[in-house]
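Visitor: I would like to go through this model residue by residue. Where should we begin?

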Amino acid sequence: MVLCQGGEGDAAPAASRQEPEVPPGREDGPGAVQPCPAPGVEAAGAEERRACGCCSGMSWPFCCEAPGAKKKAACPGLGLFYTILSAFLFSVASLLLKKIEDVHSVEVSAFRCVFQMAFVLPGLIYYKTGFLGPKGKRIFLFFRGFLGSTAMVLLYYAYQVMPLADATVITFTSPVFTSLLAWIFLKEKYSLWDVLFTLFAVTGVILIARPPFLFGSRVTGIEGSYSDHLKGTIAAIASTLSAASTIVILRKVGKSVHYFLSIWYYAVIGLIGCVIALFVLNEWRLPHCGRDRVFLILIGLLGLGGQIFLTKALQIEKAGPVSIMRTMDVVFAFILQVLFLNHIPTWWTVGGALCVVASSSGTAIRKWRHSVKKAKQREI
């Protein structure tokens, strides 16, 4: 079956993906991608037929609404809707984590890893990727799994000991730290704009953490003790740095490793690490009541659902708009915190959230425009 370019058939998880060029004069196979005919061009002495999604096998003059027009998406904005739905599912999972009592964050992370493994294992078998990956890439996959699972554990701990909105906002400094680490380790460009966005992100974190040496000894609007708030802030920052490091590692690996294999390492190493930590801390125990057990299952399902919808969004929408729309995580976190946890955020938190959202959105917009510019240069 022949597909027209520009439809959903050539959607990719990353905005930078390109279709391989077909050498001129080569006969197209059954799965080839071909452009719709240019305006005014018809095959001499014969009527061309195309079987693209917009023509359903009709002859060329009727296959598109206008000659040479690209096929429109079946549902404009569907990728952004998936992103919002993903943000909502992640936020609800974080809320349930706050509602669980007497369950350590490491144990919650272990349950999450089990759900990830159950989801990824059939994909590994179907795609025949193996369980170890290429020999030259295994060390990168190991550190991707170790740092990714560490980020998850630290984030869950931050959710448990500090306000939900505060922890969520700090995690959105990840794009800024990713740019900084990519400049250090991958020699990517780091401009003055990136420096400005980094300063915005650091300012936002300071407004949320409110260290006493800047804000005085009486810090208001803190959930629980300030020591727990400070521990949660440090854990959230460390989680963000670990998550940014995993992205740099994934950039280094590139497309040489199937993404299912990357998630597999993340789940397996995370589960092993969580089990060891639970025995060392002597924190392994089932929740006392049935409600907490249901919450644990729902956290695994909601986290998995959020990841699926985020992946779907990146397949049919460019990375820039998706990154910007992901800031809805912060909005949902504020709403759920007020409605279900009866904790009204302070103006310091709101100001910090605005700084961080502006920083992450600015970083996403710059990278999006840069990728669009490079794509236009390739076309020329």
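Guide: The model is a predicted one. A loop is the starting point: Asn342 sits in the loop between α12 and α13 (347-379).

Visitor: Is Asn342 buried or exposed?
Guide: Asn342 belongs to the loop between α12 and α13. Its relative accessible area is 68%. The cut-off for an exposed residue is over 50%, so Asn342 counts as exposed.

Visitor: What is the phi of Asn342 near?
Guide: Most residues other than glycine have a negative phi. Asn342 is a residue other than glycine, yet its phi is positive. The value for Asn342 is near 55°.

Visitor: Which loop holds Lys128?
Guide: Lys128 also has a positive phi, about 55°, although it is not a glycine. Lys128 is exposed, with a relative accessible area of 74%. Its place is in the loop between α2 (105-127) and α3 (138-161).

Visitor: How do α2 and α3 lie to each other?
Guide: The two helices pack with their axes 8 Å apart, at an angle of about 130°. Angles over 145 degrees would count as roughly antiparallel, and 65 to 115 as roughly perpendicular. The angle of about 130° fits neither range, and α2 and α3 are therefore oblique.

Visitor: How many residues in the contact of α2 with α3 are nonpolar?
Guide: From α2 the contact takes Ser105, Val106, Val108, Ser109, Arg112 and Cys113, and from α3 Met152, Val153, Tyr156, Tyr157 and Gln160. By class, 1 residue of this contact is charged and 3 are polar. The nonpolar residues number 7.

Visitor: What is the handedness of the crossing of α2 and α3?
Guide: The axes of these helices are 8 Å apart where they pack. The crossing of α2 and α3 is right-handed.

Visitor: How many aromatic pairs does the structure hold, and what kind is the one between Tyr82 and Phe309?
Guide: The structure holds 9 aromatic pairs. In the pair of Tyr82 and Phe309, the centres are 5.6 Å apart and the planes are at 40°. Stacked needs under 30 degrees and edge-to-face over 60, so the pair of Tyr82 and Phe309 is tilted.

Visitor: How many residues apart in sequence are the parts tied together by Tyr82 and Phe309?
Guide: Tyr82 lies in helix α1 (residues 78-99), while Phe309 lies in helix α10 (residues 290-316). Tyr82 is buried at 17% relative accessible area, whereas Phe309 is partly exposed at 26%. The pair therefore ties together parts whose separation in sequence is 227 residues.

Visitor: Which residue forms one aromatic cluster with Tyr82 and Phe309?
Guide: Tyr82 and Phe309 already form an aromatic pair. The cluster they belong to also includes Phe81.

Visitor: What kind of aromatic pair do Phe88 and Phe332 form?
Guide: Phe88 is in helix α1 and Phe332 in helix α12 (residues 328-341), 244 residues apart. Phe88 counts as partly exposed at 36% relative accessibility, and Phe332 as buried at 16%. Their centres are 5.5 Å apart, with 75° between the planes. Planes over 60 degrees apart are needed here, so the pair of Phe88 and Phe332 is edge-to-face.

Visitor: What is the relative accessible area of His229?
Guide: His229 is in helix α8 (residues 226-253). Leaving out residues up to four places away in sequence, His229 touches Val161, Met162, Pro163, Asp166, Ile208, Ala209, Arg210 and Ile222. His229 is buried, and its relative accessible area is 0%.

Key. Residues numbered from 1 in each chain as written. Predicted model: local features only at pLDDT ≥ 70, side-chain atom pairs only at ≥ 80, totals over all residues. Heavy atoms only, no water. Phe/Tyr/Trp six-rings, centres within 6.5 Å; stacked < 30°, edge-to-face > 60°. Helix = DSSP H or I, 4+ residues; strand = E, 2+ residues; numbered from the N terminus. Buried < 20%, exposed > 50% of the residue type's maximum accessible area, 1.4 Å probe, protein only. Contact = heavy atoms within 4.5 Å. Axes fitted to C-alpha atoms, helices over the stretch in contact; angles between N-to-C directions. Parallel < 35°, antiparallel > 145°, perpendicular 65-115°, else oblique. Left-handed = near helix turned anticlockwise from the far one by under 90°. Nonpolar A, V, L, I, M, F, W, Y, C, P; charged D, E, K, R; others polar.
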